[in-house]
Amino acid sequence: MRNHGGPGSGANRTQLPENVRARIDAILDTVDAELRTRYPGPDGRVQPIHTAYVPADRATAATPAEWGAAAIELLDRHHDLLAGIDGTDALPTVRSRLEQRPIQDLRIDFEDGYGFRTDAEEDEAATNAGTALAEWAKQSGGPASLGIRMKGLAGTERIRALRTLELVLDAAGGVPTGFVFTVPKIRAAEQASALVALCDGLERGSGLAAGTLRFELQIESPQAIIAADGSAPIAKMLSMSEGRCSALHFGTYDYTAACGIAAPDQALDHPAADYAKSVMQVAAAQTGVWICDGSTQIVPDRDPESALRNHHRLVGRALRLGYYQGWDMHPGHLITRWLATYEFFRRAIDVAVPRLVAYLDRRSGGVMDEPATAEALAATVLRGLNCGARTADELRALAPVLTPEVLRALVAREPIPQETV
């Protein structure tokens with residue numbers, strides 16, 4: 001008769017054979033190791049809120065200060081309009097930011113913003129760019145990260161792109177702190193392997209430490225989103241970058257034009273652009289690679305009021321979609337970039353703080369938050385602190401328990417430091 005007793009009641013006790021258990025462990029240990037490698041999560045870098053682009057023939061050591069001064073002049077001229085847009089009284093903080101360090105991340109552009117010149121002209125511009133980068137790296141109010149956008153890797157552009165990068169680094173006297181180079185019009189995963197070889201070669205040829213050089217991939221071709229075989233190449237690009245890809249940047253106008261969108265409708269908020277950025281966002285999730293939104297070509301020159309409102313709206317929309325960095329192409333964009341960013345994070349922090357305090361107290365506060373939600377709330381607060389939307393003193397006044405150590409532990413889902421709870 002079959003024994004229907006409970007666990008341990010006889011010969012029919014359910015028991016997993018040890019050889020099967022060992023096989024399962026071997027399979028899943030390999031999977032765990034692969035997932036840890038491919039999805040390490042944030043690497044501790046602080047993501048800038050924007051990347052400003054300056055054509056190579058206009059970039060000088062004075063560019064950051066000149067952009068800041070131009071932005072302040074425009075802010076003062078349109079103060080009443082901007083005060084009406086400002087929903088959190090952030091405008092004074094924005095003005096202070098523009099006075100101190102207006103640009104967080106700056107690229108000298110040798111691609112579409114510069115165009116095709118003679119080799120002699122671009123050689124000279126590359127040398128001047130390297131000198132400017134070295135100066136920016138020394139400035140107390142200069143950008144924390146900087147670099148160039150070189151020409152693409154296709155056809156005859158490739159030779160010019162590589163030569164420009166070499167000349168820039170030569171003139172800079174090496175690799176400036178915070179240096180990264182952006183590569184436009186990426187269409188195939190194998191191009192990432194070529195960039196790894198480029199970095200390896202430059203490091204060996206110049207006596208640089210391995211891993212010194214990093215690059216950004218600019219996604220502005222439909223083939224980078226869906227390949228000819230139906231696959232999604234971006235995840236493969238990141239794998240083939242071997243840890244050297246720091247960010248994915250979106251190219252608004254090349255991408256929408258390639259999709260057949262009519263020129264008047266090409267914009268950051270077009271559904272075609274939203275789809276591409278969603279694919280980028282998913283491919284880069286938990287890899288430590290940043291996503292950077294593209295640009296708008298509407299600048300506050302002819303119709304500044306309309307342009308300022310439009311850019312403020314686009315930045316706010318991008319932040320709500322989880323794109324925390326975007327291109328800025330004009331000093332006026334700095335105003336509405338900082339304003340929309342400060343507004344977003346001030347509101348988000350005001351919502352996040354009581355929920356995090358309730359989570360740490362294990363009370364619902366009307367919302368039953370899970371660890372994943374606490375992680376997202378804490379990450380939002382840290383982003384707001386890092387960009388200056390709120391100060392550490394302001395956060396301490398709101399919730400003494402939410403120290404940076406506690407916030408980082410929540411983001412990493414690690415044990416909370418007990419002395420702070």
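Biologist: In this predicted model, at about what angle to β1 does helix α2 run?

Modeller: The model is indeed a prediction. Helix α2 lies across three strands, β1 (50-55), β2 (105-109) and β8. Relative to β1, the direction of α2 makes an angle of about 110 degrees.

Biologist: Which strands does helix α10 touch, and what angle does its direction make with that of β6?

Modeller: Helix α10 covers residues 271-284 and packs on the sheet. Its contacts there are with β5, β6 and β7. With the direction of β6, that of α10 makes about 165 degrees.

Biologist: What is the order of the strands in the open sheet?

Modeller: The protein has 15 helices and eight strands. The open sheet consists of eight strands with parallel pairing. Their order is β7-β6-β5-β4-β3-β2-β1-β8.

Biologist: Which strands stand at the edges of that sheet?

Modeller: An edge strand here has a single partner strand, so one of its sides is left without a neighbour in the sheet. From one strand to the next, the twist averages 25 degrees. The two strands at the edges are β7 and β8.

Biologist: Is strand β6 largely enclosed or left open by the rest of the structure, and how many of its residues are buried?

Modeller: Strand β6 comprises residues 245-250. A residue counts as buried when its relative accessible area is under 20%. By that criterion β6 is largely enclosed by the rest of the structure, because the number of its residues that are buried is six of the six.

Biologist: Through which helix does the chain cross from β5 to β6?

Modeller: Strand β5 (residues 215-219) runs parallel to β6, and five bridges join the two. Within this pairing, Ile219 has Phe250 in β6 as its bridge partner. The β-α-β crossover between these strands is right-handed, and the connecting helix, residues 233-240, is α8.

Biologist: Which residue of β7 stands opposite Leu248?

Modeller: Strand β6 also pairs with β7 (residues 290-292) in the parallel sense. Three bridges make up this pairing. Opposite Leu248 in β7 stands Ile291.

Biologist: What is the bridge partner of Leu146 in β4?

Modeller: Strand β3 (residues 145-149) and strand β4 (residues 179-183) run parallel, joined by four bridges. In β4, the partner of Leu146 is Phe179.

Biologist: Is α2 roughly parallel or roughly antiparallel to α4?

Modeller: Helix α2 (residues 63-77) packs against helix α4 (residues 91-100) with the axes 8 Å apart, at an angle of about 155 degrees. Angles over 145 degrees count as roughly antiparallel. Therefore α2, relative to α4, is roughly antiparallel.

Biologist: Which residues of α4 meet α2?

Modeller: The crossing of the two helices is left-handed. From α2, the residues involved are Gly68, Ala71, Ile72, Leu75 and Asp76. In α4 they meet Leu91, Val94, Arg95, Leu98 and Glu99.

Biologist: Is Ser295 buried or exposed, and what is its relative accessible area?

Modeller: Ser295 is found in the loop between β7 and α11 (304-320). Leaving aside neighbours within four places in sequence, its contacts are Thr252, Tyr253, Leu268, Trp327 and Met329. Ser295 is buried, because its relative accessible area is 7%.

Biologist: What percentage of contacts between residues at least 6 apart in sequence join residues at least 24 apart?

Modeller: The C-alpha trace spans about 90 × 50 × 45 Å along its principal axes. Of the 421 residues in the protein, 48% are buried. Among the contacts in question, the share joining residues at least 24 apart is 76%.

Key: Residues numbered from 1 in each chain as written. Predicted model: local features only at pLDDT ≥ 70, side-chain atom pairs only at ≥ 80, totals over all residues. Heavy atoms only, no water. Buried < 20%, exposed > 50% of the residue type's maximum accessible area, 1.4 Å probe, protein only. Pairing = 2+ DSSP bridges. Right-handed = clockwise from strand over helix to strand, strands pointing away. Axes fitted to C-alpha atoms, helices over the stretch in contact; angles between N-to-C directions. Parallel < 35°, antiparallel > 145°, perpendicular 65-115°, else oblique. Left-handed = near helix turned anticlockwise from the far one by under 90°. Contact = heavy atoms within 4.5 Å.
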